[in-house]
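This briefing covers strand pairing, ring contacts, burial and a few individual residues of one protein model. The sequence and structure come first.

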Amino acid sequence: MPGPILNRCVLAGAMAAMLSGGGAVAAGADMGTLALCSKCVNPSIFSKSGIGTANAVAQARITRAEIEGWCANWQPGDRNCVKQQLASEDLKKVYRATANCTAGRITPIDGNSYTLAGVWDNSDPIGAGRSRWRDAAGRIVPRDNASGGLGIAQQWEELCPASAKGARAAAAPAEAPVAGAKTAAAAPRSAQALPVDEFAVGQVVLAKFGSDWVRARITGVRHLNGPKGPETAYDVRLENGQRGIVPARMLRAR
């Protein structure tokens with residue numbers, strides 16, 4: 001589907017299998033993606049093993065399906081889009097990410113090693129509550145799109161879902177307003193500018209796919225830096241099997 005085909009959504013059965021035993025997931029299961037960037041055609045995971053353990057591994061490829069979905073939503077009506085994207089992407093390339101979930105270390109698809117450095121605060125709505133990473137030189141990897149900090153966070157969420165969820169939950173109390181304090185004064189301006197989410201995780205909606213509206217389920221909510229400031233986008237899984245991230249304008253309630 002869209003811009004990044006960041007299909008971080010994982011089918012409930014596949015997730016249960018991964019969390020229960022940390023073993024390999026059967027071929028054909030919907031296993032998500034490994035993020036290249038927030039508006040890229042991102043590779044779909046075809047193999048996972050050791051999820052949530054000290055030896056978590058995920059491998060992914062970009063397929064024609066991702067490219068067709070991306071073009072249908074981000075360049076609708078452009079008949080040359082699929083051809084151009086197929087020519088620019090290496091469909092044979094295998095992207096590999098590994099992590100030691102117990103030690104808080106990850107080697108994402110860029111091949112470098114990073115160490116977990118807590119979670120991002122809400123001084124900026126983009127990436128608030130998601131994992132923060134330190135590179136081999138000890139520097140924090142910024143959360144802007146060019147630096148790729150949130151791409152590392154997304155791969156960590158695929159490899160170590162329980163650890164990622166636990167870290168975000170632990171950070172929540174620190175970001176809660178103090179009892180009796182004035183909410184407007186306590187919240188940073190950037191956080192106050194956060195757009196209202198129109199849809200919720202688990203909600204069944206209709207998603208724009210080419211010229212049609214297709215039944216879909218919301219599997220995630222994310223806040224991105226748009227051309228006019230912070231905006232909300234949604235991870236979705238369509239009935240036709242496509243997955244991706246779409247802006248609110250391409251969704252409507254059923």
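Strand 3 and strand 4 (residues 105–107) pair in the antiparallel sense over 3 bridges; strands here are DSSP runs of E of at least two residues, helices are runs of H or I of at least four, and both are numbered from the N terminus. Two strands count as paired if DSSP finds at least two bridges between them. The model is predicted, so local features need pLDDT of at least 70 and side-chain atom pairs count only at pLDDT 80 or more, while totals for chains, interfaces and linings use all residues. Residues are numbered from 1 along each chain as its sequence is written, and side-chain values use heavy atoms, with hydrogens and water left out.

**Overall composition**

- The protein chain contains 7 helices and 11 strands.
- Of its 254 residues, 41% count as buried (buried is under 20% relative accessible area, exposed is over 50%, and partly exposed is in between, with a 1.4 Å probe and protein chains only).
- About 12,600 Å² of the protein chain is exposed, and carbon and sulfur atoms supply 52% of that area; accessible areas come from the Shrake-Rupley method with a 1.4 Å probe, and for residues only the protein chains shown count as cover.
- Among contacts in the protein chain with a separation of 6 or more, 55% come from residues 24 or more positions apart (a contact is heavy atoms within 4.5 Å).

**The six-stranded sheet**

- An open sheet is formed by 6 strands in the order 1-2-3-4-5-6, with antiparallel pairing.
- Its edge strands are strand 1 (44–49) and strand 6 (131–134), each of which pairs on one side only.
- On average, neighbouring strands of this sheet are turned by 30° against each other, direction ignored; the axes are lines fitted to C-alpha atoms, for helices over the stretch in contact, and angles run from 0 to 180 degrees between N-to-C directions.
- Strand 2 (residues 56–61) pairs with strand 3 (residues 95–100) in the antiparallel sense over 5 bridges, and the bridge partner of A60 in strand 3 is Y95.
- In the pairing of strand 3 with strand 4, R105 in strand 4 is the bridge partner of N100, and A99 stands opposite I106 in strand 4.
- The hairpin of strand 3 and strand 4 has 4 residues between the strands, and G104 takes a positive phi near 75° there.

**Aromatic rings and charges**

- The structure holds 1 aromatic pair (rings of Phe, Tyr and Trp, the last by its six-membered ring, pair if their centres lie within 6.5 Å; planes under 30 degrees apart are stacked, over 60 edge-to-face, and the rest tilted).
- That pair is W133 with W156, edge-to-face, at 5.0 Å centre to centre and 65° between the planes.
- W133 belongs to strand 6 and W156 to helix 4, so the pair ties together parts that are 23 residues apart in sequence.
- Both W133 and W156 are buried.
- The charged end of R61 sits over the ring of F46, 4.2 Å from its centre (this requires NZ of Lys or CZ of Arg within 6 Å of the ring centre and within 35 degrees of the ring normal).
- The charged end of R252 sits over the ring of W213, 4.2 Å from the ring centre.

**Helix burial**

- Helix 4 (residues 149–159) is mostly covered, with 11 of its 11 residues buried.
- In helix 2 (residues 64–74), the buried residues are E66, I67, G69, W70, C71, A72 and N73.
- The cover over these helix 2 residues includes strand 1, strand 2, helix 3 (81–88), strand 7 (204–209) and strand 10 (243–247).

**Individual residues**

- Q85 lies in helix 3 and is buried, with a relative accessible area of 16%.
- Leaving aside residues up to four places away in sequence, Q85 touches V41, I67, W70 and C71.
- R61 is in strand 2 and is partly exposed, at 34% relative accessible area.
- Not counting residues up to four places away in sequence, R61 touches P43, S44, F46, E66, L91, K92, K93 and V94.
- R61 and I45 are 16 residues apart in sequence and 6.5 Å apart in space, C-alpha to C-alpha.
- A136 is in the loop between strand 6 and helix 4 and counts as exposed at 79% relative accessibility.
- A136 and S113 are 23 residues apart in sequence, with 6.4 Å between them in space, C-alpha to C-alpha.
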